[in-house]
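Hi,

Here is the structure I said I would pass on. Have a look at it first, and then read my notes below.

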Amino acid sequence: MANYRKQLKMAGDAKYEAAPEKNERVIALPAGGCVVFLIQGNFTLDDSSGSIRESGVGHVIEVSKTLNLGKAAAVVIISS
């Protein structure tokens, strides 16, 4: 995780989260915003009806309070 933060010049906490193959998972997002890197699969946010599927890109999240990981999805969340 330190490598991600160093490359991005971010100082927040980084956390790896994953959903099991057969179930979705709801994750509380840190207050104050974060950047979510999708490694595989997809996720949706509580304030959006669309599914985010673009992996390898940092998605800036400022307003949402929860992230819904799709089945077998994995992300790295870096708090702001």
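I'll start with a histidine: the side chain of histidine 59 reaches the backbone oxygen of glutamate 54 at 3.0 Å. Before you lean on that distance, bear in mind that this is a predicted model. The same side chain of histidine 59 also reaches the backbone oxygen of valine 57, at 3.5 Å. Histidine 59 sits in strand E5, which covers residues 58–61. Is histidine 59 buried or exposed? Its relative accessible area is 13%, and buried means under 20%, so histidine 59 counts as buried. Leaving out residues up to four places away in sequence, histidine 59 touches Cys34, Val35, Val36, Phe43, Ile52 and Glu54.

**The four-stranded sheet**

Strand E5 belongs to an open sheet of four strands, in the order E1-E7-E3-E5, with antiparallel pairing. The edge strands are E1 (14–18) and E5, and each of them pairs on one side only. From one strand to the next, the twist averages 25°. If you want to see how E5 is held, look at E3: four bridges join E3 to E5, and the two run antiparallel. One pair to click on is phenylalanine 37 and its bridge partner in E5, glycine 58. As a reminder, strands of a sheet pair through backbone hydrogen bonds, either parallel or antiparallel.

Two residues of strand E7 caught my eye. Alanine 74 lies in E7 and is buried, at 3% relative accessibility. Setting aside neighbours within four places in sequence, alanine 74 is in contact with Tyr16, Glu17, Ala18, Phe37, Leu38, Ile39 and Gln40. Alanine 74 and glycine 41 are 33 residues apart in sequence, yet their C-alpha atoms are 6.6 Å apart in space. Serine 79 is in E7 too, and at 16% relative accessibility serine 79 also counts as buried. The contacts of serine 79, again without residues up to four places away in sequence, are Gly12, Asp13, Pro30, Gly33 and Cys34.

**The three-stranded sheet**

There is also an open sheet of three strands, ordered E2-E6-E4, with antiparallel pairing. Which strands stand at its edges? They are E2 (25–28) and E4 (43–45); each has a single partner strand, so one side of each is left without a neighbour in the sheet. Here the twist averages 25° from one strand to the next. E2 is joined to E6 (residues 66–69) by four bridges, and these strands run antiparallel. Within that pairing, valine 26 has asparagine 68 in E6 as its bridge partner.

**The nonpolar cores**

In soluble globular proteins, nonpolar side chains tend to be buried together. In this model, the largest nonpolar core has 14 residues, and those touching the most other members are Leu29, Val36, Phe43, Leu67, Leu69, Val75 and Ile77. The elements that give two or more residues to this core are E3 (34–40), E4, E6 and E7 (74–79). Which element gives the most? That is E3, with three residues.

Isoleucine 77 is worth a closer look. Apart from its neighbours within four places in sequence, isoleucine 77 is in contact with Asp13, Ala14, Lys15, Glu17, Ile27, Leu29, Pro30, Cys34, Val35 and Val36. A second, separate core has five residues, including Ala14, Phe37, Val76 and Ile78.

**The salt bridges**

How many salt bridges does a search of the whole structure find? It finds two. In one, the side chains of lysine 15 and glutamate 17 meet, at 3.5 Å from N to O. Arginine 25 forms a salt bridge with glutamate 17 as well, with the closest N and O atoms 2.8 Å apart. Glutamate 17 is buried, at 8% relative accessibility, whereas arginine 25 counts as partly exposed, at 31%. Through shared partners, these salt bridges join Lys15, Glu17 and Arg25 into one network.

That's what I have for now.

Cheers

Methods. Residues numbered from 1 in each chain as written. Predicted model: local features only at pLDDT ≥ 70, side-chain atom pairs only at ≥ 80, totals over all residues. Heavy atoms only, no water. Buried < 20%, exposed > 50% of the residue type's maximum accessible area, 1.4 Å probe, protein only. Polar contact = N/O pair within 3.5 Å; in protein donor to acceptor, adjacent residues only side chain to side chain. Contact = heavy atoms within 4.5 Å. Pairing = 2+ DSSP bridges. Axes fitted to C-alpha atoms, helices over the stretch in contact; angles between N-to-C directions. Core = buried A, V, L, I, M, F, W, Y, C linked by side-chain atoms within 4.5 Å. Salt bridge = Lys/Arg side-chain N within 4 Å of Asp/Glu carboxyl O.
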